[in-house]
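Colleague: Got a minute to go through this one with me? I'd like to talk salt bridges first and the sheet after that.

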Amino acid sequence: MLKNSRIYDYVVKNLCEELNIILTQIPSIYKEKAEEIRLRNGGPLTISYGARDYFISANGNISCDPSRAVVIREEHIKNTFQLISNYSVYAYEEEIKNGYITIKGGHRVGIGGKVIYGSNGVETIKNISSLNIRIGREVLGVSDNIISYLVKKPRIFYNTLIISPPQCGKTTLLRDIVRNLSNGFGSLDSQGFKISVVDERSEIAGMYKGMAQNDIGIRTDILDGCLKSDGIMMAIRSLSPDIIAVDEIGNKRDVEAINEALRAGIKLIATIHGSSLEEVKNKSSMKELFEENIFERFLILDRSKGVGTIKEIIDGFSFKPIYSGKSD
């Protein structure tokens, strides 16, 4: 918990001085649990966790009443945006096109504003009207008790799909599974897998100036800020992975690249948004993967016991549960 509080204090240093001072004063319990800090022009200063919003007054008090909160002004957003972009917006053009900037520590700042299009699609975002600072916290060991369900002795990994609604810890779980598989564990006798992480949104490894800010294992290569479809093909050609890990698959190009990897004998672990296996099976983009029975394990997440709760693990052959979080 102390570590989580320090992470929070580091993140708020990236906000303008006035908001930094206010947010530093909030009670420690909220620092330890905060998942997002929201700045909306003309709106209340807000933090959130556990699917609830909390509003911050000028002296750092927490309230459920937005009328008691500091009102975010244009200069708050402008000055904070300058800080998170190191006063060089041009250096972050590619990230801004995708609607976010990643800051040191792997924390992602989502950007709202006027989207400017050019001949090649989105060119930039101007007139910034909101910033969503997502506080990324790795949770080491969150996959320890389920990793054995994903590996067949002596050293065969089951193609795995993590299914999760938004903000239920899918990236946190994926990251820790990668760490365990890469380092080696238990029955692997420290002989881990070579893993290529295609980190399109810079959330898995949290790369900052060429260095992973999160522990993703000793045998892991990262393709940072790379489209999943491109990154999968690059990994096949040049990184010789045993396993490729990707976050939030879904479109046709992703599926085509995944099939190329599987034909090359490479295993896959991926995540997708969804509340159930049935919901994901009904997505048109996933039809091909399900028809070919690509996935051998499905991990279903929810928030019943907090972020990252593994509701159940379903076998991809029988489609029956082989693990239930209720038994923990």
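Modeller: Sure. A salt bridge here is a side-chain nitrogen of Lys or Arg within 4 Å of a carboxyl oxygen of Asp or Glu. Keep in mind that this is a predicted model.

Colleague: Okay, which residue forms a salt bridge with Arg179?

Modeller: The cut-off is 4 Å between a side-chain nitrogen and a carboxyl oxygen. For Arg179 the closest N and O atoms are 3.6 Å apart, and the partner is Asp144.

Colleague: And how many residues apart in sequence are the parts that this pair ties together?

Modeller: Arg179 sits in helix 6 (residues 170-183). Asp144 belongs to the loop between strand 7 (121-134) and strand 8 (151-152), so the parts tied together are separated in sequence by 35 residues.

Colleague: Is Arg179 buried or exposed?

Modeller: Buried means under 20% relative accessible area. Its partner Asp144 is partly exposed at 45%. Arg179 has a relative accessibility of 12%, so it counts as buried.

Colleague: Next one: in the salt bridge of Arg201 with Glu248, how far apart are the closest N and O atoms?

Modeller: The pair links distant parts of the chain, 47 residues apart. Arg201 is in the loop between strand 11 (195-199) and strand 12 (207-208), while Glu248 is in the loop between strand 15 (243-246) and helix 8 (252-263). Their closest N and O atoms have a separation of 3.3 Å.

Colleague: Which residues are linked with Arg201 and Glu248 in a network of salt bridges?

Modeller: Arg201 is partly exposed at 27%, and Glu248 counts as buried at 18%. The network of salt bridges brings in two other names: Lys170 and Asp247.

Colleague: What about Lys281 and Glu278: what separates them in helix 9?

Modeller: They form a salt bridge, with the closest N and O atoms 3.9 Å apart. Both sit in helix 9 (residues 277-281), three residues apart, so the separation is about one helical turn.

Colleague: On to the open sheet of eight strands: which strands stand at the edges?

Modeller: The strand order is 14-11-15-16-10-17-18-19, with mixed pairing. An edge strand has a single partner, so one side of it is left without a neighbour in the sheet. That goes for strand 14 (220-224) and strand 19 (321-324).

Colleague: Last one: which residue of strand 19 stands opposite Ile313?

Modeller: Strand 18 (residues 309-315) and strand 19 pair in the antiparallel sense over three bridges. Opposite Ile313, in strand 19, stands Tyr323.

Methods: Residues numbered from 1 in each chain as written. Predicted model: local features only at pLDDT ≥ 70, side-chain atom pairs only at ≥ 80, totals over all residues. Heavy atoms only, no water. Helix = DSSP H or I, 4+ residues; strand = E, 2+ residues; numbered from the N terminus. Buried < 20%, exposed > 50% of the residue type's maximum accessible area, 1.4 Å probe, protein only. Pairing = 2+ DSSP bridges.
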